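Visitor: Please choose one part of this model and look at it closely with me, and then show me the rest of the protein around it. I am in my first year, so please explain each term as it comes up.

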Amino acid sequence: MLTLFTINTCKSFGCRNLGLPISASADYNWPDFRLGFPALHCRACGSYPPLFDEQQFNEWLSVYLRTYASENGHFCPECFCQKTICYGHNPRGTQRVQCRMCRKVWTPKQQKPGKIVLPERIETVALIVPFQGNSTEQKLYVLLSFDAVRGNVLHVSTNFTQHDMGETLRYRWRGIAEPDLLHSDIVQRVDMREAQFLHRSQFDEIQYGSAVLKRNAKGAMLRPVIAAHGHFRVLNILFPEVRIHIISHESFLRGAVITVWADLFRQREGELWFIEEEINDSNIYLPWEFQRTTQHGWWQGQWQLWAQGKNRKMVCPLTGGDRGNAKTLSLTASRYFIHWLYQQPKFTHSTQLSAGRVTQILLSLAQDYNDELITAPSGY
Ligand SMILES: [Zn+2]
Ligand SMILES: [Zn+2]
């Protein structure tokens with residue numbers, strides 16, 4: 001079986017099995033059906049993470065990574081090693097790249113200037129975007145990651161995939177969406193989100209809306225949890241040493257980050273934070289002030305409430321870490337980008353475009369946004 005990348009693993013912070021594949025620990029028992037779905041039981045911490053079809057996941061992920069690498073040239077499309085050197089030019093003058101590990105030579109489709117700068121903190125949020133499928137207003141699940149300090153986009157992915165994949169990875173809409181919580185009070189919202197996770201058929205099985213492609217369209221829609229594991233795997237290959245991760249409040253984003261950077265979290269060298277924000281005035285420059293700590297959800301997460309004039313934020317450390325960081329953490333980079341995105345006509349017409357086309361537009365707009373940041377850093 002092809003198991004390059006672990007997805008079936010204990011995902012509990014503090015457990016000795018965190019990030020270890022099934023073959024690496026005697027504490028696992030599987031499949032376990034106690035929760036009504038096939039799960040991996042970790043006897044060391046008592047958790048029951050849902051089981052995935054590891055082979056189907058690995059097959060899809062390998063193709064996804066290979067495609068990303070051959071387009072961008074940031075790592076090797078064969079062995080995923082990041083150590084590459086410039087290796088002359090092909091007859092049309094485009095730069096070729098060679099892997100220093102396996103010696104593979106390839107010509108990246110995008111010829112980007114320079115290397116990506118190592119971020120200190122990675123901030124990731126989800127966004128739901130309409131597309132034209134078998135009827136209007138089908139929905140795409142988008143993941144956006146940023147350098148939280150510099151503000152540039154690091155990676156964009158959607159749950160549309162152009163690659164073949166196994167049936168267990170496919171998103172299936174059952175007709176009932178989780179209610180939108182945007183209008184409730186921030187503290188209540190955290191509580192209600194946690195309740196939503198528990199109401200799911202499994203914690204990672206979000207029902208975010210209908211997503212049926214056009215008849216005869218190529219490609220397929222992935223379960224968002226699968227898209228998230230692919231998304232963070234790319235970031236992990238690019239930035240294995242980034243220690244601080246900020247995510248919006250979604251249980252499977254937590255699972256994907258902790259799995260992908262498991263070595264760091266097992267050694268207690270990483271920090272993973274949930275953040276919720278309620279920004280009513282983005283021109284306030286007062287310092288954030290700590291209000292109180294409350295516990296929420298099944299896992300009794302310790303959420304800190306902070307205030308800054310009319311603005312409020314809730315911050316939850318998921319893996320310990322420096323509590324002093326809470327004051328400075330935010331979802332600012334994603335907020336700025338999303339605000340900018342909704343001013344781009346190419347993007348706001350997405351309701352008339354296919355899922356594949358919307359994905360391409362998001363990628364090209366992210367590139368435009370990064371270029372604008374480089375040319376006008378003071379305007380940010
Ligand atoms: Zn465990
Ligand atoms: Zn290689």
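Guide: What follows looks closely at one helix, and then sets it beside the whole protein, other helices and some single residues. This is a predicted model, in which local features need a pLDDT of at least 70 and side-chain atom pairs count only at pLDDT 80 or more, whereas totals for chains, interfaces and linings use all residues. Residues are numbered from 1 along each chain as its sequence is written, chains are lettered from A and ligands numbered from 1 in the order in which they are written, and side-chain values use heavy atoms, with hydrogens and water left out.

The part I have chosen is helix α8, which runs through residues 355-375 and has 21 residues. Helices (H or I, at least four residues) and strands (E, at least two) are DSSP runs, numbered from the N terminus. From its first C-alpha to its last, α8 reaches 31 Å, close to the 30 Å expected at 1.5 Å a residue; the expected span is 1.5 Å times one less than the number of residues in the helix. The buried residues of α8 are A355, G356, V358, T359, I361, L362, L365, A366, Y369, N370 and L373, where buried means under 20% relative accessible area, exposed over 50%, and partly exposed in between (1.4 Å probe, protein chains only). L373 is counted as buried because its relative accessible area is 13%. This residue also links distant parts of the sequence, for L373 and G151 are 222 residues apart along the chain but 8.0 Å apart in space, C-alpha to C-alpha.

The whole protein is the setting for this helix, and it has eight helices and 15 strands. Its radius of gyration, taken over C-alpha atoms, is compared with a globule rule of 2.2 Å times the number of residues to the power 0.38; with 380 residues, a compact globule would come near 21 Å, and the protein has 21 Å, which agrees. Buried residues make up 53% of the 380 residues. A contact means heavy atoms within 4.5 Å, and of the contacts in the protein with a separation of 6 or more, 63% are between residues 24 or more positions apart.

Two other helices can be set beside α8. Helix α3 (residues 224-238) has 15 residues and reaches 21 Å, close to the 21 Å expected, and 15 of its 15 residues are buried. Helix α1 (residues 54-72) has 19 residues and spans 26 Å, close to the 27 Å expected. At the N-terminal end of α1, D53 acts as a cap, with a side-chain oxygen 3.2 Å from the backbone nitrogen of Q55, while G73, just after this helix, takes a positive phi of about 75°.

The loops hold some residues that deserve a patient look. In the loop between β15 (311-317) and α6 (332-341) we find N325, which counts as buried because its relative accessibility is 13%. The side chain of N325 makes a polar contact with the side chain of E271 at 2.9 Å; a polar contact is a pair of N or O atoms within 3.5 Å, and within protein one must be able to donate a hydrogen and the other to accept it, with residues adjacent in sequence counting only if both atoms are side-chain atoms. Neighbours within four places in sequence aside, N325 is in contact with R121, I244, E271 and W273. G209 is in the loop between α2 (186-199) and β10 (220-221) and is buried, with a relative accessible area of 5%. Although G209 and W173 are 36 residues apart in sequence, their C-alpha atoms are 6.5 Å apart.

Some backbone angles complete the picture. Most residues other than glycine have a negative phi, and most peptide bonds are trans. F80, in the loop between α1 and β3 (84-89), has a positive phi near 65° and is buried at 11% relative accessible area. N216, in the loop between α2 and β10, also has a positive phi, of about 65°, but is exposed at 76%. The peptide bond from W30 to P31 is cis, with omega near -10°, and P31 lies in strand β1 (residues 28-32).
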